[in-house]
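Me: Please take a close look at one part of this model. I want the part where the two helices pair, along with the charges and nonpolar groups around the pairing.

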Amino acid sequence: MDPVKRIVEVELLKEEITTQKQALSSFNSKLQVNQQALDYLDCNDDIPKLWMNFGTMFIKFPNQKIQTLLKADSADSQKNMKRLEKEIAEKTRELRKKEGKSIAQV
């Protein structure tokens with residue numbers, strides 16, 4: 001294989017891994033914010049309706065509806081995080097293979 005082509009493939013793989021790690025970090029941050037919001041809502045069950053931000057809009061929702069939305073969003077984030085973790089692990093193995101390193105050396 002052409003050495004330049006091999007280097008390009010390795011660098012592209014590294015870039016993909018970095019991008020996926022950044023996405024994983026974003027999902028993790030979103031999950032933490034959702035958990036904080038759920039904790040707040042649990043402590044304030046006596047408030048029937050609260051304002052929720054959707055992009056550039058604020059909409060008043062019932063407390064229970066917000067909790068349901070946040071739990072669904074958190075579940076979706078966790079699912080995406082697991083998928084990304086698997087993809088990162090696969091691409092890291094592939095990268096080590098292309099670099100000529102065994103998994104035990106890492």
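Reply: What follows goes from the core to the salt bridges, then to the surface patches.

This is a predicted model. Helix α1 covers residues 3-43. Helix α2 covers residues 63-99.

Start with the core. Which residues make up the largest nonpolar core? There are 10 in all: Val 10, Leu 13, Ile 17, Leu 24, Phe 27, Leu 31, Met 81, Leu 84, Ile 88 and Leu 95. Both α1 and α2 contribute, each with at least two residues. Helix α1 gives the most, with 6 residues. In soluble globular proteins, nonpolar side chains tend to be buried together.

Ser 74 gives a further view of the pairing. This residue sits in helix α2. Is Ser 74 buried or exposed? Its relative accessibility is 11%, so Ser 74 counts as buried. Its C-alpha atom is 6.6 Å from that of Asn 34, although 40 residues separate the two along the chain. Now take Gln 32, in helix α1. The C-alpha atoms of Gln 32 and Arg 83 are 18 Å apart, with their positions 51 residues apart along the chain. Gln 32 has 47% relative accessibility, so this residue counts as partly exposed.

Next come the charges. How many salt bridges does the structure hold? There are 8. Side chains of opposite charge can pair when their charged atoms come close.

One salt bridge joins Lys 30 and Asp 73, with the closest N and O atoms 3.2 Å apart. This pair links distant parts of the chain. Lys 30 belongs to helix α1 and Asp 73 to helix α2, 43 residues apart. Neither end falls under the 20% limit for buried residues. Lys 30 has 36% relative accessibility and so counts as partly exposed. Asp 73, at 23%, is also classed as partly exposed.

Other salt bridges stay inside helix α2. Glu 87 meets Arg 83, and the N to O distance is 3.2 Å. Why are these two about one helical turn apart? Because they are 4 residues apart in helix α2. Glu 87 is partly exposed, with a relative accessible area of 24%. Arg 83 is partly exposed too, at 39% relative accessibility. This is the Arg 83 whose C-alpha atom is 18 Å from that of Gln 32.

Lys 98 and Glu 94 form another salt bridge. Their closest N and O atoms are 4.0 Å apart. That value sits at the limit, because a salt bridge requires a nitrogen within 4 Å of a carboxyl oxygen. Lys 98 and Glu 94 are 4 residues apart in helix α2, so about one helical turn separates them. Lys 98 has a relative accessible area of 27%, which makes this residue partly exposed. Glu 94 is partly exposed at 36%. Salt bridges with shared partners also join Glu 11, Lys 14, Arg 96 and Glu 99 into one network.

Now the surface. Which residues form the nonpolar patch there? Val 4, Val 8 and Leu 12 form the patch. Together they have about 260 Å² of accessible area. Leu 12 lies in helix α1. Its relative accessibility is 46%, so Leu 12 counts as partly exposed. Core membership requires a buried residue, under 20% relative accessible area, so Leu 12 cannot belong to a core.

There is also a negative patch. Asp 39, Asp 42, Asp 45 and Asp 46 form this patch on the surface. Asp 39 lies in helix α1. At 40% relative accessibility, Asp 39 counts as partly exposed. Patch residues have no salt bridge, so Asp 39 is unpaired in that sense.

To recap, helices α1 and α2 each supply at least two residues of the largest nonpolar core. The salt bridge between Lys 30 and Asp 73 also links α1 with α2. Buried Ser 74 has its C-alpha atom 6.6 Å from that of Asn 34.

Note on methods:
Residues numbered from 1 in each chain as written. Predicted model: local features only at pLDDT ≥ 70, side-chain atom pairs only at ≥ 80, totals over all residues. Heavy atoms only, no water. Patch = residues over 30% accessible without salt bridge, like charges linked within 9 Å, V, L, I, M, F, W, Y side chains within 5 Å. Areas by Shrake-Rupley, 256 points an atom, 1.4 Å probe, with all protein chains shown as cover. Salt bridge = Lys/Arg side-chain N within 4 Å of Asp/Glu carboxyl O. Lys, Arg positive; Asp, Glu negative; His and termini not counted. Charge placed at Lys NZ, Arg CZ, Asp CG, Glu CD. Buried < 20%, exposed > 50% of the residue type's maximum accessible area, 1.4 Å probe, protein only. Core = buried A, V, L, I, M, F, W, Y, C linked by side-chain atoms within 4.5 Å.
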